[in-house]
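Colleague: I should like to learn how to read a protein model, feature by feature. Please begin with the vocabulary and then turn to the case before us.

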Amino acid sequence: MSEGKPRVSRRIGSVAESATLAIDAKAKALKASGVDIIGFGAGEPDFPTPASIVEAAAKACADVKNHRYTPTAGLPELRAAIVTKTARDSQVEITTNQTLVTNGGKHAIYNAFATLLDPGDEVLIPEPYWTTYPEAVKLAGGTPIAVPTTLESEFKVSPATIEKYVTPRTKLFLFVSPSNPTGSVYSPEETKEIAQFCADKDLWILADEIYEHLTYDGIKAESIANHDPRGLDKIVIVNGVAKTYAMTGWRVGWMIGAPDIVAAAINLQSQSTSNVANISQRAAIEALIGDQGPVSIMREAFDRRRKLITSLLSEVPGINCPLPKGAFYVYPDVSGLLGRDFGGVRPSSTSELASVILDQAKVAVVPGEAFGTPGYFRLSYALSDNDLEIGISRIAKLVSESAQ
Ligand SMILES: Cc1ncc(COP(=O)(O)O)c(C=O)c1O
């Protein structure tokens with residue numbers, strides 16, 4: 001074959017598959033083939049979408065006006081609901097022209113990086129990081145730069161650490177609180193320090209607030225937009241209905257930013273995906289400004305499971321599981337299990353260990369390699385209490401039967 005142009009572009013060819021979705025797909029395929037798998041892989045609430053939201057969507061289906069395109073930026077009513085919700089939940093005042101409705105939070109992240117980055121621009125990403133961030137940065141031509149954290153610092157970064165990674169090419173700092181995969185939540189003081197640091201260094205901030213409502217022990221995740229002396233001039237907030245309202249399949253997210261940035265992102269979206277499905281948009285309006293009761297009920301369930309999974313994992317020798325403060329993930333250090341003999345297999349990496357656990361215990365977890373930090377596992381506790389107990393007891397049994 002001639003050494004011609006690659007069939008897949010270099011840009012797309014360099015994108016890594018989403019490890020979390022891949023593991024979830026493997027677990028779901030095994031389940032479909034009759035294997036009794038317990039999946040801790042997916043970042044997806046196990047609850048159905050609350051009934052009032054589903055009803056709003058069903059009603060919208062029957063209304064002809066929803067069978068048509070809407071403006072690219074979203075239904076005016078949904079953009080207004082985002083303005084109301086942002087003032088209510090974050091005490092951040094915006095106008096509708098600062099909002100863009102996207103196909104999920106992931107699409108908002110993609111749009112934001114595509115709008116803000118030029119080739120060579122560096123983006124600082126605290127590590128461990130959610131797998132999409134570095135790939136979305138690369139797709140936009142930017143360069144992801146990992147800022148390391150430690151379990152001891154609750155996987156949080158401070159201005160002193162960030163500073164070591166700032167270069168003349170640094171454009172943006174990514175702030176995510178609560179975090180996927182660690183569940184860490186920055187305190188208001190820490191948030192303020194980072195906002196001030198970014199303002200001093202003239203860095204843009206991308207704030208991913210998708211887990212804002214999932215915090216525990218009375219802690220609140222504050223919007224960094226409240227602390228940046230520049231207001232929203234150099235902040236883009238991304239958010240969505242998926243995690244808060246158990247609406248992962250509906251695909252509604254949004255970005256918020258300065259009017260010029262949002263206008264540019266709307267242009268981009270007008271040439272790619274256009275508007276988000278109207279039925280989903282109508283459902284999202286009900287989610288955002290309708291009864292918020294279901295949010296607390298789901299949060300209470302997650303809180304119970306958070307404590308349960310942390311205590312069960314902490315009983316397993318070789319696993320060190322801190323109690324997270326937000327989201328629905330635990331991120332234990334499992335390096336103490338490496339090198340042990342599991343039925344004739346001695347995993348030397350957490351990737352291999354995750355395969356052993358899937359093969360031998362029929363439990364799916366995501367290895368830390370997917371998030372830039374080998375040595376850890378991410379387990380989502382957005383599954384039923386019963387499955388959670390069965391899954392962890394299978395891991396505990398496997399470990400108790402392993403040998404040094
Ligand atoms: C940190 C974070 N941001 C954004 C998203 C995007 O969610 P969605 O595209 O389903 O709205 C996710 C989903 O896993 C996430 O974990």
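Modeller: Helices (H or I, at least four residues) and strands (E, at least two) are DSSP runs, numbered from the N terminus. With this vocabulary, A327 can be placed in the loop between α11 and β9. The model is a predicted one, in which local features need pLDDT of at least 70, side-chain atom pairs count only at pLDDT 80 or more, and totals for chains, interfaces and linings use all residues. Residues are numbered from 1 along each chain as its sequence is written, and side-chain values use heavy atoms, with hydrogens and water left out.

Colleague: What is the phi of A327?

Modeller: A327 is not a glycine, yet its phi is positive, at about 60 degrees.

Colleague: Is A327 buried or exposed?

Modeller: A residue is called buried under 20% relative accessible area, exposed over 50%, and partly exposed in between (1.4 Å probe, protein chains only). A327 has a relative accessibility of 0%, so it counts as buried.

Colleague: Which other residue has a positive phi without being a glycine?

Modeller: S274 is such a residue, with phi near 55 degrees. Its place is in the loop between α9 (259–270) and α10 (278–289). S274 has a relative accessible area of 25% and is therefore partly exposed.

Colleague: Let us return to the loop that holds A327. Where is G326?

Modeller: G326 also belongs to the loop between α11 (293–314) and β9 (329–330). Its relative accessible area is 0%, so G326 is buried.

Colleague: Which residues are in contact with G326, leaving aside its neighbours within four places in sequence?

Modeller: Contact means heavy atoms within 4.5 Å. On that basis G326 is in contact with P178, G183, V185, L214, T215, Y216 and Y381. The chain also brings G326 and Y186 together from afar in sequence: 140 residues apart along the chain, they have C-alpha atoms separated by 9.8 Å.

Colleague: T215 appears in that list. Where is T215 found?

Modeller: T215 is found in the loop between β6 (204–208) and β7 (235–240). With a relative accessible area of 11%, T215 is buried. If residues up to four places away in sequence are not counted, T215 touches P178, V185, K220, A221, R299, K325 and G326. P178 and V185 are thus among the residues touched by T215, and both are also in contact with G326.

Colleague: What kind of peptide bond leads from S177 to P178?

Modeller: That bond is cis, with omega near -5 degrees. P178 lies in the loop between β5 (170–176) and α8 (188–200). Another cis peptide bond joins E127 and P128, where omega is about 10 degrees. P128 is found in the loop between β3 (122–127) and α6 (132–139).

Colleague: Finally, which domains does the domain assignment give?

Modeller: Domain bounds come from an automatic or database domain assignment. For this chain, the assignment gives domain 1 (10–48 + 294–401) and domain 2 (51–289). Domain 1 is therefore written as two stretches of sequence, 10–48 and 294–401.

Colleague: How many residues of each domain are in contact with the other?

Modeller: From domain 1, 40 residues are in contact with 32 residues of domain 2. The centres of domain 1 and domain 2, taken over C-alpha atoms, are separated by 26 Å.
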